Amino acid sequence: MYVISGSTHQRLGASLAEEMDAEFCGVVNRHFPDGERYIRVLMDVNEQDVVVVQNTFPDKKIVELLLILQAVKEAGAKTVTCVIPYMGYSRQERIFQSGEARSAKAIASVIGGMCDRVFTINVHTPEILKFFGCEANDINGSREVVRYLKGFGPDMVIAPDEGSKDRCTLAADLLKVPVHVMKKVRIDGRTVETSSGQINVKGSTAVILDDIISTGGTIATAANILREGGAERVFAACTHGLFIEDAANRLRVCDDILSSDTLEGVYTRFSVAPAIADAL
Ligand code: R5P
């Protein structure tokens, strides 16, 4: 088996190859003078099972992924598995207002047409999986985050909105602590309004768990409620840490912030490579 990574996941790809005792295959990945990308796979993958690892975020990484998939096909790979650690465009999986693009479908259908199977990790909503049009599964990375969170001795897991309820309930079960679900209304891309209902957090250690942290608005709003309620320590954890704009500043209300390596950054504390290796 061969593992090939695009530029979003050189480190994760290498760890994955090691976990699976597979070859980590290099790629010539550069641009032409006009800015178009050039891809060349450096090992002979003819008749081989190939795993390609790459995010669909930001936009230019989508082109890179498509070119790698095409290169692998042209080289005669026996099977092609695409692992998308962070699936960009996953939050636009339905039409919220008439005239909108179903962006998740646009991206997923093209990728799915170029490979045999797809794995995502804690994808925003499993509804997206059918858009690939090939075998597609979501890997639950919660086990990895839970392992890390145990060290903080949390008293409760906080779901910052209804959408994160199932994921948080699973994590709370693994941590053997209760889960509390908050209610969130999104006002705009950067602003949310959250209500907590009846919750006693005085003196407790709370962990807010979400799939994505983008502007930090969702987590910061929930964390402020917990602080006002007297929580002693507040941690924020996510699988996909985008941390755009002034997210770091907004999240100062938390004692610590942790995210996985589906998007590598300063808050990356744990790897999803073992979960991917298991699933593969
Ligand atoms: C949305 O439903 C997601 O699960 C996250 O809650 C959201 O993407 C977080 O975004 P932000 O950090 O900008 O509030």
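A backbone N or O atom of G216 sits 2.9 Å from an oxygen atom of the ligand, which fits the definition of a polar contact, a pair of N or O atoms within 3.5 Å. The protein covers 89% of the 380 Å² of accessible area that the ligand has on its own, with areas taken from the Shrake-Rupley method and a 1.4 Å probe. Keep in mind that this is a predicted model, where local features need pLDDT of at least 70, side-chain atom pairs count only at pLDDT 80 or more, and totals for chains, interfaces and linings use all residues. Residues are numbered from 1 along each chain as its sequence is written, and side-chain values use heavy atoms, with hydrogens and water left out.

Side chains reach the ligand too. An N or O atom in the side chain of D211 lies 2.6 Å from a ligand oxygen atom, and a polar side-chain atom of K184 is 3.1 Å from an oxygen atom of the ligand.

Let's step back to the whole shell. The ligand is surrounded by 14 residues, each with a heavy atom within 4 Å of it; the closest are D210, D211, S214, T215 and T218. By type, the shell holds two nonpolar, six polar and six charged residues. Here Asp, Glu, Lys and Arg count as charged, Ala, Val, Leu, Ile, Met, Phe, Trp, Tyr, Cys and Pro as nonpolar, and the others, Gly among them, as polar.

Where do these residues come from? β11 (183–188), β13 (205–213) and α6 (217–228) each supply at least two of them, and β13 gives the largest share, four residues. These elements are DSSP runs numbered from the N terminus, with helices (H or I) of at least four residues and strands (E) of at least two.

Now for some backbone geometry. Most residues other than glycine have a negative phi, and most peptide bonds are trans. The peptide bond from F57 to P58, however, is cis, with omega near -10°, and P58 lies in the loop between β5 (49–53) and α2 (59–74).

Two non-glycine residues have a positive phi: E47, near 65°, and F243, near 45°. E47 belongs to the loop between β4 (37–41) and β5, while F243 is in the loop between β14 (233–241) and α7 (247–250). Are they buried or exposed? E47 counts as exposed because its relative accessibility is 52%, whereas F243, at 19%, counts as buried. The cut-offs are under 20% relative accessible area for buried and over 50% for exposed, with partly exposed in between (1.4 Å probe, protein chains only).

Conventions
Polar contact = N/O pair within 3.5 Å; in protein donor to acceptor, adjacent residues only side chain to side chain.
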